[in-house]
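Visitor: I'd like a close look at one part of this model, the place where a charged pair sits inside the protein. Could you walk me through that spot and then through what surrounds it?

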Amino acid sequence: ASALDSRTGREVLLGMLGPLAAAVGAWVLMERTYRRNPERLTGVMATAFFGKLMFFGAYVAVMLRVASLRPVPFVASFTRYFIGLHVIEALCLRRLFAAPTPQAGPAAPSR
C-alpha cells in the first residue's frame, strides 16, 4: 500500500482490514472451542460462517457507499485478502486437527 498513491493505499488497506479482522476473530474462536470441547467445533464454525457472511456484506456496503471508496482497488484488495486468509485458515485448521485432541487421555490398553 505504501508504494501506491495515498487514496489507493487507503483503499487497499481497508480492503485488507475486514478479511483480517474476520479471520483473526474466527481463528481465535475456533482454536479456543477446539481446545475446550472439540465436539462443538462444527457448530461454532457454522455459526461463524453465517456471522462472517453478514459482516462481509455490511462491511463492503459501508466501505463502498458510506466511505465512498473506489470499487476496483477496494474489491481487488478485499478479494485477494479474503481468499488468501481463508487458505491460511484452512491450513491452520489442518494443523490443529493433526495435533492430538486436547481432551483425549492416554489410550486404553488393548486386550
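Guide: Happy to. Let's start with the pair itself: Glu89 and Lys52 are both buried. Please keep in mind that this is a predicted model, with every value here computed from its atoms. The side chains of Glu89 and Lys52 form a salt bridge, with an N to O distance of 3.4 Å. This pair ties together distant parts of the chain, since Glu89 belongs to helix α3 and Lys52 to helix α2, 37 residues apart.

To place the pair, step back to the fold for a moment. The protein has three helices and zero strands, and along the sequence the pattern reads α-α-α. Of its 111 residues, 29% are buried. Among contacts with a separation of 6 or more, 78% involve residues 24 or more positions apart, and the Glu89 and Lys52 pair, at 37 residues apart, has a separation of that kind.

Now follow helix α3, which carries Glu89. Helix α3 covers residues 71–98, and its 28 residues should span 40 Å at 1.5 Å a residue; the end C-alpha atoms are 40 Å apart, so the expected and modelled spans agree. Glu89 has company among the buried residues of α3: the others are Pro73, Phe74, Ser77, Phe78, Leu85, Leu93 and Leu96. The cover over these buried residues includes α1 and α2.

Two of those α3 residues show what the cover looks like in detail. Ser77 lies in helix α3 and is counted as buried because its relative accessible area is 6%. Leaving aside neighbours within four places in sequence, Ser77 is in contact with Glu11, Val12, Gly15 and Met16. Phe74, with the same kind of neighbours left aside, is in contact with Glu11, Leu14, Gly15, Tyr59, Val60, Met63, Leu64 and Leu69.

Phe74 also leads us into the largest nonpolar core, which has eight residues: Leu14, Ala22, Phe56, Tyr59, Met63, Leu69, Phe74 and Phe78. Each of α1, α2 and α3 supplies at least two residues of this core, and α2 gives the most, with three. Apart from it lies another core of seven residues, among them Trp27, Met30, Tyr34 and Leu41. As background, nonpolar side chains in soluble globular proteins tend to be buried together.

Glu11, which touches both Ser77 and Phe74, brings us back to charges. Glu11 counts as buried because its relative accessibility is 0%. Its salt-bridge partner Arg7 lies with its closest N atom 3.5 Å from an O atom of Glu11. Arg7 is different in exposure: at 44% relative accessibility, Arg7 counts as partly exposed. The two are four residues apart in helix α1, so about one helical turn separates them. The general geometry is familiar: an α-helix has 3.6 residues a turn, so residues three or four places apart point the same way. Arg70 joins in as well, because Arg7, Glu11 and Arg70 are linked in a network of salt bridges.

A search of the whole structure finds four salt bridges. One of them is between Arg35 and Glu31, at 3.4 Å from N to O. Arg35 and Glu31 are also four residues apart in helix α1, and so about one helical turn separates them. Arg35 is partly exposed at 39% relative accessibility, and Glu31 is partly exposed too, with a relative accessible area of 24%. Set that beside Glu89 and Lys52, which are both buried.

For contrast with the inside, look at the outer face. Leu13, Leu17, Leu20, Val24 and Val28 form a nonpolar patch on the surface, with about 370 Å² of accessible area together. Leu20, for instance, is in helix α1, which runs over residues 6–36, and is partly exposed at 33% relative accessible area. Over the whole protein, the accessible surface comes to about 7,600 Å², and 67% of it belongs to carbon and sulfur atoms.

One last stop is the loop between α2 and α3, where Ser68 is found. Ser68 has a phi near 55°, a positive value in a residue other than glycine. With 48% relative accessibility, Ser68 counts as partly exposed.

Conventions: Residues are numbered from 1 along each chain as its sequence is written. This is a predicted model: local features need pLDDT of at least 70, side-chain atom pairs count only at pLDDT 80 or more; totals for chains, interfaces and linings use all residues. Side-chain values use heavy atoms; hydrogens and water are left out. Patches are made of residues with over 30% relative accessible area and no salt bridge: like charges are joined within 9 Å, nonpolar side chains (Val, Leu, Ile, Met, Phe, Trp, Tyr) within 5 Å. Accessible areas come from the Shrake-Rupley method with a 1.4 Å probe; for residues, only the protein chains shown count as cover. Buried means under 20% relative accessible area, exposed over 50%, partly exposed in between (1.4 Å probe, protein chains only). The expected span of a helix is 1.5 Å times one less than its number of residues. Contact means heavy atoms within 4.5 Å. A nonpolar core is a set of buried Ala, Val, Leu, Ile, Met, Phe, Trp, Tyr and Cys residues joined through side-chain atoms within 4.5 Å.
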